[in-house]
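Trainee: Could you take me through one part of this model in close detail, staying with the packing of its helices and the aromatic side chains around them? I would like a single connected account rather than a list.

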Amino acid sequence: MEPTPQREHGATVKVTSEQLAAIDDEDVLNKMLDNAGEFEERRLIRAALRDLLKKKRDKREQERGSRQRDLRQQGLSKEPTPGGGVLGAARATVNQQPTTNTYSMTAGSKASPAQATQKCPTSAAPNAKNVKQMLLDWCKAKTEPYGGVDIHNFSSSWKDGIAFCALVHRFFPDAFEYSTLNPNKAKDNFQLAFSTAERLAGCPPLLDPEDLVRMKEPDWKCVYTYIQEFYRCLVEKGLVKTKKRA
């Protein structure tokens, strides 16, 4: 039976907030949003999509915190690398960093450039250099076809936001028109890349565009951490394949 239409603010919508809240697949919500015609219906679907993404982010953070607590209790210095490949090594590296540190460039942060540098992780695992280079090479390979992108580090190469947009666009080419981007509008580019990655890949917006544009160039540890998370989300969605360890 078709859901009973609901009238909100004078407009008739085909679904209710309760029905949308029961949907736990963001792809389904995205398709509904594409097909929706009424303004109120699109507003309800967007709100449901935001709630779903927040719910998934909170769940991931809880699971990550639980894993870190287990590791500390067991006295382990390294988490077993799940799945192998760049992702597994990167996650092991992140879990070895002090959990008391916070990234200044998270959403809503207003830290100064100096504070941002101080609050990023300062310790690294013995194999962090190799993992970092592997991830950098992956970024280079994925963005090679894109004009205006020249990635050679995790700092200055990302300062205008174009590299973030190119990397996201490589996996979601229908999300936005890459050729219209302006390197002089760094904040807009950051916002576009991070919001698209969150909406389509489920990647939490660990970096704040406001902080990024205030800095002469991004702190490499913060960019590196965000790219690790984006990679992990792509693996979860099956968009990146990793080699399993024997």
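Mentor: Let us begin with one residue and work outwards, bearing in mind throughout that this is a predicted model. Tyr178 has a relative accessible area of 14%, and because the cut-off for a buried residue is under 20%, Tyr178 counts as buried. Its partner Tyr146 is buried as well, also with a relative accessible area of 14%. The two form an edge-to-face aromatic pair, with 4.8 Å from centre to centre and 75° between the planes. This pair links distant parts of the chain, since Tyr146 lies in the loop between helix H6 (128-143) and H7, while Tyr178 lies in the loop between H7 and H8, 32 residues apart.

The helix that lies between those two loops deserves attention next. Of the 10 residues of H7, 9 are buried, so this helix is largely enclosed by the rest of the structure. The buried residues of H7 are Ile162, Ala163, Phe164, Cys165, Ala166, Leu167, Val168, His169 and Phe171.

One neighbour of H7 is H10: helix H7 (residues 162-171) packs with H10 at an angle of about 5°, the axes being 12 Å apart. Angles under 35 degrees count as roughly parallel, and H7 and H10 are therefore roughly parallel to each other. On the H7 side the contact is made by Phe164, Leu167, Val168 and Phe171, and on the H10 side by Val223, Tyr226, Ile227, Phe230 and Leu234. By class, this contact has 9 nonpolar residues, with no polar and no charged ones. As for the spacing of such residues, an α-helix has 3.6 residues a turn, so residues three or four places apart point the same way.

H10 also packs with H8. Helix H8 (residues 186-201) and helix H10 (residues 220-236) meet at an angle of about 30°, with their axes 10 Å apart, and H8 and H10 are therefore roughly parallel to each other. Their crossing is left-handed. Here H8 contributes Ala193, Phe194, Ala197 and Ala201, while H10 contributes Tyr226, Phe230, Cys233 and Leu234. The residues of this contact comprise 8 nonpolar, no polar and no charged. Tyr226, Phe230 and Leu234 of H10 thus appear in the contact with H7 and again in the contact with H8.

Tyr226 brings us back to the aromatic side chains. The ring centres of Phe194 and Tyr226 are 5.0 Å apart and their planes lie at 55°, so this pair is tilted. Phe194 belongs to helix H8 and Tyr226 to helix H10, 32 residues apart, and this pair, too, links distant parts of the chain. Both Phe194 and Tyr226 are buried. They belong to one aromatic cluster, formed by Phe154, Trp158, Phe164, Phe190, Phe194, Trp220, Tyr224 and Tyr226; among its members, Phe164 also takes part in the contact of H7 with H10.

To set this part in its context, the structure holds 13 aromatic pairs, and the protein chain comes to 10 helices and 2 strands. From the N terminus on, its elements run β-β-α-α-α-α-α-α-α-α-α-α. Of the 246 residues of the protein chain, 44% count as buried. Among contacts between residues at least 6 apart in sequence, 63% join residues at least 24 apart.

Conventions. Residues numbered from 1 in each chain as written. Predicted model: local features only at pLDDT ≥ 70, side-chain atom pairs only at ≥ 80, totals over all residues. Heavy atoms only, no water. Axes fitted to C-alpha atoms, helices over the stretch in contact; angles between N-to-C directions. Helix = DSSP H or I, 4+ residues; strand = E, 2+ residues; numbered from the N terminus. Parallel < 35°, antiparallel > 145°, perpendicular 65-115°, else oblique. Left-handed = near helix turned anticlockwise from the far one by under 90°. Contact = heavy atoms within 4.5 Å. Nonpolar A, V, L, I, M, F, W, Y, C, P; charged D, E, K, R; others polar. Phe/Tyr/Trp six-rings, centres within 6.5 Å; stacked < 30°, edge-to-face > 60°. Buried < 20%, exposed > 50% of the residue type's maximum accessible area, 1.4 Å probe, protein only.
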